[in-house]
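Trainee: I would like to take a close look at a single part of this model, beginning with one residue and then working outward to its surroundings. Please give a connected account that I can follow alongside the coordinates.

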Amino acid sequence: MHNIQKFKSMPLYQDIINNRAMHSIMLISTDQDVLDEFTRYICTTMFCTGADKPCNECANCKKIEHNNCVDILEYPRRDNVIKRDDLEEIVSIVSFFSII
């Protein structure tokens with residue numbers, strides 16, 4: 001995890017650790033590997049129930065590791081541009097899950 005130490009110094013990390021994170025985060029990067037690593041780290045940090053976040057051992061960390069966490073939506077990348085239709089689809093998906 002080559003960018004994790006840099007992330008730990010960011011205000012977003014402190015908000016997550018102190019349970020003050022926003023209800024949704026959109027992450028965009030030109031480097032898909034870094035984005036995947038960063039996203040997984042943020043998710044496990046946010047949902048981890050262990051003392052040291054992320055513990056990678058608790059039930060939530062395991063769900064994220066196995067892509068089985070209903071609170072995380074990974075929108076498939078179609079190209080390098082986010083279009084209005086993409087945003088509308090994301091909003092409709094999130095709205096659907098919030099009423100279930």
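In which helix is the place of Thr-45, and which residues does Thr-45 touch, not counting residues up to four places away in sequence?

Mentor: Thr-45 is placed in helix α3, which covers residues 32-47. Some conventions should be stated before the details. The model is predicted, so local features need pLDDT of at least 70, side-chain atom pairs count only at pLDDT 80 or more, and totals for chains, interfaces and linings use all residues. Residues are numbered from 1 along each chain as its sequence is written, and side-chain values use heavy atoms, with hydrogens and water left out.

The overall frame comes next. The protein chain contains five helices and zero strands, arranged α-α-α-α-α from the N terminus; helices (H or I, at least four residues) and strands (E, at least two) are DSSP runs, numbered from the N terminus. The chain has a mean pLDDT of 78, with 82% of its residues at 70 or more; pLDDT is the predictor's confidence in each residue, from 0 to 100. Confidence is lowest in helix α1 (residues 4-8), where the mean is 68, and highest in α4, where it is 93.

Thr-45 itself is buried, at a relative accessible area of 0%. The term buried means under 20% relative accessible area, exposed means over 50%, and partly exposed lies in between (1.4 Å probe, protein chains only). Of the 100 residues in the protein chain, 22% count as buried. A polar atom of the Thr-45 side chain lies 2.7 Å from the backbone oxygen of Tyr-41. Residues up to four places away in sequence aside, Thr-45 touches Tyr-13, Ile-16, Ile-17, Lys-53 and Pro-54, where contact means heavy atoms within 4.5 Å. In the chain as a whole, residues 24 or more positions apart account for 44% of the contacts with a separation of 6 or more.

Two of the residues touched by Thr-45, Lys-53 and Pro-54, lead to the next feature. Lys-53 and Pro-54 are joined by a cis peptide bond, with omega of about -10°, and Pro-54 is found in the loop between α3 and α4. That loop also holds Asn-56, which is not a glycine and yet has a positive phi of about 65°. Both features stand out because most residues other than glycine have a negative phi, and most peptide bonds are trans.

Asn-56 is partly exposed, with a relative accessible area of 40%. Leaving aside neighbours within four places in sequence, Asn-56 is in contact with Thr-44, Cys-61 and Lys-62. Asn-56 also relates to the residue whose backbone oxygen faces Thr-45: Asn-56 and Tyr-41 are 15 residues apart in sequence and 9.8 Å apart in space, C-alpha to C-alpha.

From Asn-56, the contact with Lys-62 carries the account into helix α4, where Lys-62 and Glu-65 both lie, three residues apart, about one turn of the helix. Their side chains meet in a salt bridge at 3.8 Å, N to O; a salt bridge is a side-chain nitrogen of Lys or Arg within 4 Å of a carboxyl oxygen of Asp or Glu. Lys-62 is partly exposed at 32% relative accessible area, as is Glu-65 at 44%. Past this helix, Asn-67 lies in the loop between α4 and α5, and Asn-67 has a positive phi of about 55° although it is not a glycine. Asn-67 is exposed, with a relative accessible area of 59%.

A search of the whole structure finds two salt bridges. One of them links Arg-84 with Glu-88, whose closest N and O atoms are 2.9 Å apart. Arg-84 and Glu-88 both lie in helix α5, four residues apart, about one turn of the helix. Arg-84 counts as exposed at 65% relative accessibility, whereas Glu-88 is partly exposed at 42%.

Leu-87 also lies in helix α5 (residues 84-99) and is partly exposed at 37% relative accessibility. Together with Met-26, Ile-28 and Ile-82, Leu-87 forms a nonpolar patch on the surface with about 390 Å² of accessible area. Patches are made of residues with over 30% relative accessible area and no salt bridge, with like charges joined within 9 Å and nonpolar side chains (Val, Leu, Ile, Met, Phe, Trp, Tyr) within 5 Å. The protein chain exposes about 7600 Å², of which carbon and sulfur atoms supply 54%; accessible areas come from the Shrake-Rupley method with a 1.4 Å probe, and for residues only the protein chains shown count as cover.

Technical notes:
A polar contact is a pair of N or O atoms within 3.5 Å; within protein, one must be able to donate a hydrogen and the other to accept it, and residues adjacent in sequence count only if both atoms are side-chain atoms.
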